[in-house]
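Here are some exercises to work through with the model open in your viewer. Try each task before you read its solution.

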Amino acid sequence: MGTMHYLLLCAVIFLPETPAFPVQVRPQSWSSIDPEKVKGYLDKFFPSFTKAQNLSIEERIKKMQKFFHLTVTGKLDTETEKILAMPRCGLPDVAEYETASGTPKWGKKKLTYRIRIYTPDLPKRKVDNAIKRALMVWSDVTPLQFQRIYLGVADIEIIFASGEHGDGYPFDGPGGTLAHAYDPGEGRGGDAHFDEDEKWSEIDQDINLFLVAAHEFGHSLGLSHSDVQGALMYPIYSYQNPETFRLPADDRRRIQKLYGKLMMKFGFQDIT
Ligand code: TQI
Ligand code: CA
Ligand code: ZN
Ligand code: ZN
């Protein structure tokens, strides 16, 4: 893994002093924080992204506390308040993946993908290649296989689009959200959407398509974010050389927990 430099994606969040606020949870403990701002924070970093769920503020505070290894109270105590007030990267931490039945995963090993809309930022074959290699990150360590199709509806439909693009989760222009992907399932399940307002590239300037795609496909396969720094599913983008990219151990462990290990595909895999 190369040295990482964090991109300029960090949007600093300030939570200004606001005296008045409507009562919702424990007023006295966070009287300096505007509940609208808290809600904004949770919406941004701990979104109730999936169709299956509509979490209450308290449940989402719990998520956040879990993620930051705080005492899980569901209330805005001082510890939690401190985190809220901290400047941070403008990227979400936690994806709401758990459905009623637990972690969603594909019930089959062979998945199809289709690149339906291309970005003009890169030649087609470079997009094809980045997507293919991003999927190989996962198929290399699991029994999963990805087959590209050109007609019909694929399990993983891939598009580049800007703003509102038909799913109610509009992209936000340059910066901010780069892409999103749906957890395994019918319909939109597994699909990966990339924000056309980003500048996609194959190098470390701009946004590296391969790395973001590899991360998104992690979501497509059912992984949520990791709190292990350096993991591909860690919710902060860090550049690594795509040529020498190796799936970090944390991601490998988590994907293999879902789909099992690959013992042999093209020769032997290392045992670790
Ligand atoms: N996009 C978020 C992400 O994929 C979108 C998102 C948040 C999301 N919660 C979700 C998508 C739940 C599906 C399900 O994480 S992002 C990174 C990072 C993003 C972030 O644009 O913020 C990468 C996209 F943070 F890891 F660098 C790719 Cl690699
Ligand atoms: Ca964007
Ligand atoms: Zn979308
Ligand atoms: Zn993510």
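**Exercise 1.** Leaving aside its neighbours within four places in sequence, which residues is Asp-121 in contact with?

*Solution.* A word on conventions: this is a predicted model, where local features need pLDDT of at least 70, side-chain atom pairs count only at pLDDT 80 or more, and totals for chains, interfaces and linings use all residues. Residues are numbered from 1 along each chain as its sequence is written, chains are lettered from A and ligands numbered from 1 in the order in which they are written, and side-chain values use heavy atoms, with hydrogens and water left out.

Step 1: find Asp-121 in the loop between S1 and H4 (helices, H or I of at least four residues, and strands, E of at least two, are DSSP runs numbered from the N terminus).
Step 2: look for contacts, meaning heavy atoms within 4.5 Å. Outside its sequence neighbours, Asp-121 touches Glu-196, Glu-198, Lys-199 and Trp-200.
Step 3: check the side chain, which reaches the backbone nitrogen of Trp-200 at 2.9 Å.
Step 4: compare sequence and space. Asp-121 and Glu-198 are 77 residues apart along the chain, yet their C-alpha atoms are 9.1 Å apart.

**Exercise 2.** Work out which protein atoms hold the calcium ion (ligand 2) and what geometry they give.

*Solution.* Step 1: collect the donors (N, O and S atoms within 2.8 Å of the metal, or 3.2 Å for Na, K and Ca; water is not among the atoms, so sites may look incomplete). You should get Asp-172 (OD), Gly-173 (O), Gly-175 (O), Thr-177 (O), Asp-195 (OD) and Glu-198 (OE), at 2.2 to 2.3 Å.
Step 2: take the angles. They run from 83 to 177° among the six donor atoms, and the site is octahedral (six donors with opposite ones over 155 degrees apart and all others between 65 and 115).
Step 3: read the spacing, D-G-x1-G-x1-T-x17-D-x2-E.

**Exercise 3.** Describe the sites of the zinc ions, ligand 3 and ligand 4.

*Solution.* Step 1: around ligand 3, pick out His-165 (NE2), Asp-167 (OD), His-180 (NE2) and His-193 (ND1), at 1.9 to 2.1 Å. His-180 sits in strand S4 and His-193 in strand S5, 13 residues apart.
Step 2: the four donor atoms subtend angles of 97 to 115°, so the arrangement is tetrahedral (four donors, all angles between 85 and 135 degrees).
Step 3: around ligand 4, pick out His-215 (NE2), His-219 (NE2) and His-225 (NE2), at 2.0 Å, spaced H-x3-H-x5-H.
Step 4: check burial (buried is under 20% relative accessible area, exposed over 50%, partly exposed in between; 1.4 Å probe, protein chains only). His-219 counts as buried because its relative accessibility is 5%, and His-225 does so at 14%.

**Exercise 4.** Which residues of the largest nonpolar core touch the most other members?

*Solution.* Step 1: build the core from buried Ala, Val, Leu, Ile, Met, Phe, Trp, Tyr and Cys residues joined through side-chain atoms within 4.5 Å.
Step 2: among its 44 residues, Ile-131, Trp-138, Phe-194, Phe-217 and Leu-221 touch the most others. Elements supplying at least two core residues each include H4 (124-139), H5 (209-220) and H6 (249-259).
Step 3: zoom in on Phe-217. Beyond four places in sequence, its contacts include Ile-131, Ala-134, Leu-135 and Trp-138.
Step 4: turn to H6, where eight of eleven residues are buried. These buried residues pack against H4.

Key
A polar contact is a pair of N or O atoms within 3.5 Å; within protein, one must be able to donate a hydrogen and the other to accept it, and residues adjacent in sequence count only if both atoms are side-chain atoms.
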